[in-house]
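Me: Please pick one part of this model, go through it closely, and then work outward to whatever surrounds it. Keep it relaxed, but give me the numbers.

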Amino acid sequence: MTTEPRKPPPQYVLRVKRALGGQAGWTGLAVQILFAAVLAWVTYEIVANARANLETQRIASGFGFLKNTAGFDVSQNLISYTGSDTYTRVFLVGLLNTLLVSGIGIVFATIIGFSIALCRLSPNWLVSRLGEIYVEIVRNLPLLFQLLFWYLAVLAALPGPRQSINLFNAFFLSNRGLVIPRPIGQVGLDPFLVAVAIGILGSLLLRGYARRALFQRGQAIRIWPYVLGLLIGLPTVTMLIFGVPLTFELPQLKGFNFSGGSRVIPELVALVVALSTYTAAFIAEIVRAGILSVHKGQMEAGSSLGLSRGDTLRLIVMPQAMRVIVPPLTNQYLNLTKNSSLAVAIGYPDLVSVFAGTTLSQTGQAIEIIAITMGVYLVLSLITSAVMSVYGWRINRSLGA
Amino acid sequence: MKRVPLALTLAAAAALSVQAASAQTLKTVTDRGMLSCGVSAGLPGFSSPDDKGNWTGIDVDVCRGIAAAIFDDPTKVKFVPLSAKDRFTALQSGEIDVLSRNTTWTLSRDTSLGANFTGVTYYDGQGFMVKKSLKVNSALELNSASVCVQTGTTTEQNLADYFKGNNMKYEVIAFASADETVKAYESGRCDVFTSDVSQLYAMRLKLANPADHVVLPEIISKEPLGPMVRHGDDQWFDIVKWVLFAQINAEEMGVTQKNVDEMAKSDKPDLKRAFGTDGNLGEQLGLTKDWFARIIKAVGNYGEMFDRNVGAGSKLQIARGLNQLWNKGGIQYAPPIR
């Protein structure tokens, strides 16, 4: 009598079982379903109970308030806004202000951070000590104090608007901020922008072509004259044909303040300076750790090939270090974005200040507004980390890891 | 700074989930042996800690009066300093029993916050303070000025209304706390500091050179300031309301902190009713018969409270004005104790 070997269950069943139930198989799956059900029930109870209690205490709830008129003004708005707009508009104004300060902060923090890291690794004793002092002082003081320091110190140092520091009658620096000429678009603006776009695109294509030629055929092509022509020549020619793209409106002192021109408010400057110098201290340490994690033989190999120290760092060490740097760097970017909510302390109208602050106290709808605000920070953070993940994945791929 | 509202809201969500809506606040307070009172963090004359760490001010005395009525001991109060934007959440969540924090009585606050105003402790109005050196004599000359204001207040909206209504441009810079606002004003970031007039006088004392600053004559809004309690507990609402009424009635009847013991022996029918030698009005409130005497002994009548904290007997030197009794040219008026 022959025994037929029992057929193994199809692979996909096992895979599903493992994915859902882990090591414990179907029992594990049952536990997971039960857990999810309990979680859903608890969430439902909390929401339903909070709603019922809000109703019995006659506290306003729901999101209807977003359509109501805000009735207050905001000092910096990137989109047009007046007091007669709705709370939704206030939300957008605050969100854009948060994005602005985070974006600028991240750029500066990265630049300063990398520079400080290179200082600390410099063979020059003085430079490396200076880098060390910077890091130890800045990262060990509370951010809120640094923020207030920059704000009040900078304000105290600057003169009033009538005694502004004047550059060419176009730039004015005072404790009301930096007033600069405002660009006003003319007929020539659109063709000019198109020309610049073509220039940038063309230069990128050229660079790609040159790189391929170098890597595949070992042929070095000099592209900079063409790039220069594309980036400067093309826009200049369009300008000659279509006329000037921009004229500038000069600021003038009228009454208490300047009218005309654009203005960078001191709150924005103080916030960007505080956030970027503070975060830079952490980034510097991350970058230093990343560079030190690359074996020093790589550096020596670079110099034995005849590369300069800078070239070795740029071409050999940095690409390998980035693999280590990117994940903690993402953390710092997220921290910077979240720390920007300290803005309320110095009167910068960010999301927390105008929405979770003024709007909340005017409407009293704490639960809804805090939920929206938390949601926004969560989404911003997830987007940042998604972008950084893609970047990290590309680095790993290019290193063949 | 940013963690406070979050924590409060989470506390609110949690508390709202467990707490029954018809809370018996008086019982909670008696069981705890302590009244929890929300005040502002440092506004001279209204609520600020003195150099020995004792809280003083009108808003503070309102709470001491309530504590005296319940415990016969005005010190049984825990003061919770709150920023303007956190105050309502603290009340809604049950963290405090009464909010006595120079809060303006408005329709939307009365209806949408799940809380009620119990009365008016101080009739105020919004004004402007500028440096004398600017040589401004009227708020109508403030076109294009930069204005510092505390966020989360009715002030922000009044300001927008006023400048819009008068076709003037301005720049608003809003700060989380009164101290930060004043610091920015002092450093020259703003030309104008705006707030309730009583606050302007109070904050002016904190400036390096109070005499260099002037409060402009325009009053641009009505700001009746008063204590708030949660919806759904009428007994507690009555108690907080009548503590203030008792003080106003006391001033009207000439009962003061000094003569309260003599007056208690009086034969006058209105005094007998108030002191509980005739009838049981105090017990009807859920308090004791001698509730009236307890309050006046602890914090004095309304006039004494006013003078001591913001009036002639204080550094602020604010005139009684609207806050004078109704029969002396003001509008402070309380229903009779009977």
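Reply: Helices here are DSSP runs of H or I at least four residues long, and strands are E runs of at least two, both numbered from the N terminus. Keep in mind that this is a predicted model.

The part I'd pick is the stretch at residues 95–388 of chain A, which an unreviewed UniProt entry annotates as "domain: ABC transmembrane type-1". Over those residues the chain is 70% helix and 10% strand. The C-alpha atoms at the two ends are 21 Å apart.

The same kind of record also has something to say about "transmembrane region": UniProt, again from an unreviewed entry, lists several spans of chain A, among them 226–248 and 369–393. What do those two look like in the model? Residues 369–393 of chain A are 100% helix and 0% strand, with end C-alpha atoms 36 Å apart. Residues 226–248 of chain A come out at 74% helix and 13% strand, and their end C-alpha atoms lie 31 Å apart.

Now zoom in on H7(A), which runs over residues 224–242. Its 19 residues should span 27 Å at 1.5 Å a residue, and the end C-alpha atoms are 27 Å apart, so expectation and model agree. Even so, H7(A) has a kink of about 30 degrees at A:Gly233, shortly before the proline A:Pro235. Which residues of H7(A) are buried? They are A:Leu230, A:Pro235 and A:Thr238, so A:Pro235 turns up both beside the kink and on the buried list, where the test is 20 or more other C-beta atoms within 10 Å. Part of the cover over these buried residues is helix H6 of chain A, residues 189–217. Just after H7(A), A:Gly243 takes a positive phi of about 95 degrees.

Stepping back, the domain assignment cuts chain A in its own way: domain 1 is 11–56, and domain 2 is 87–181 + 250–398. The C-alpha centres of these two domains of chain A lie 40 Å apart.

Then there's the partner. Chain B puts 44 residues in contact with 46 residues of chain A. On the chain B side, the elements that each supply at least two residues are helices H1 (3–18), H4 (87–92), H6 (154–165) and H7 (178–186), plus strands S9 (145–150) and S10 (170–175). H1(B) gives the largest share, seven residues. Sorted by class, that side of chain B has 18 nonpolar, 16 polar and ten charged residues.

Chain B is split as well, into domain 1 (3–123 + 224–328) and domain 2 (126–221). Their C-alpha centres lie 29 Å apart. Between them, 17 residues of domain 1 of chain B are in contact with 15 residues of domain 2 of chain B. The domain 1 side of that contact has nine nonpolar, six polar and two charged residues.

Two spots in chain B show what burial looks like there. Helix H3 of chain B, residues 58–71, has 13 of its 14 residues buried, so it is largely enclosed by the rest of the structure. Its end C-alpha atoms are 20 Å apart, which agrees with the 20 Å expected at 1.5 Å a residue. Just after H3(B), B:Asp72 takes a positive phi of about 60 degrees. The other spot is B:Asn102, in strand S5 (residues 98–104) of chain B. B:Asn102 counts as buried because it has 28 C-beta neighbours inside 10 Å. Leaving out residues up to four places away in sequence, B:Asn102 touches B:Ser40, B:Leu43, B:Phe46, B:Asp59, B:Asp196 and B:Leu225. The C-alpha atom of B:Tyr122, 20 residues away along the chain, is 8.1 Å from that of B:Asn102.

A couple of backbone oddities to finish. Most residues other than glycine have a negative phi. B:Lys135 is not a glycine, yet has a positive phi of about 55 degrees. B:Lys135 sits in the loop between strand S8 (126–131) and S9 of chain B, and is exposed, with 9 other C-beta atoms within 10 Å. B:Gln317 also isn't a glycine and has a positive phi of about 55 degrees. B:Gln317 lies in the segment after helix H14 (302–309) of chain B, and its 11 C-beta neighbours inside 10 Å make it count as exposed.

How values were computed. Residues are numbered from 1 along each chain as its sequence is written. Chains are lettered from A and ligands numbered from 1 in the order in which they are written. This is a predicted model: local features need pLDDT of at least 70, side-chain atom pairs count only at pLDDT 80 or more; totals for chains, interfaces and linings use all residues. UniProt positions are given in the numbering used here, feature names are shortened, and annotations may be inferred rather than shown by experiment. Two residues are in contact if their C-beta atoms, placed from the backbone, lie within 7 Å. Ala, Val, Leu, Ile, Met, Phe, Trp, Tyr, Cys and Pro count as nonpolar, Asp, Glu, Lys and Arg as charged, and the others, Gly among them, as polar. Domain bounds come from an automatic or database domain assignment. The expected span of a helix is 1.5 Å times one less than its number of residues. The bend at a residue is the angle between axes fitted to the seven residues ending there and the seven starting there. A residue is buried if 20 or more other C-beta atoms lie within 10 Å of its own, exposed if 12 or fewer, and partly exposed in between; C-beta atoms are placed from the backbone.
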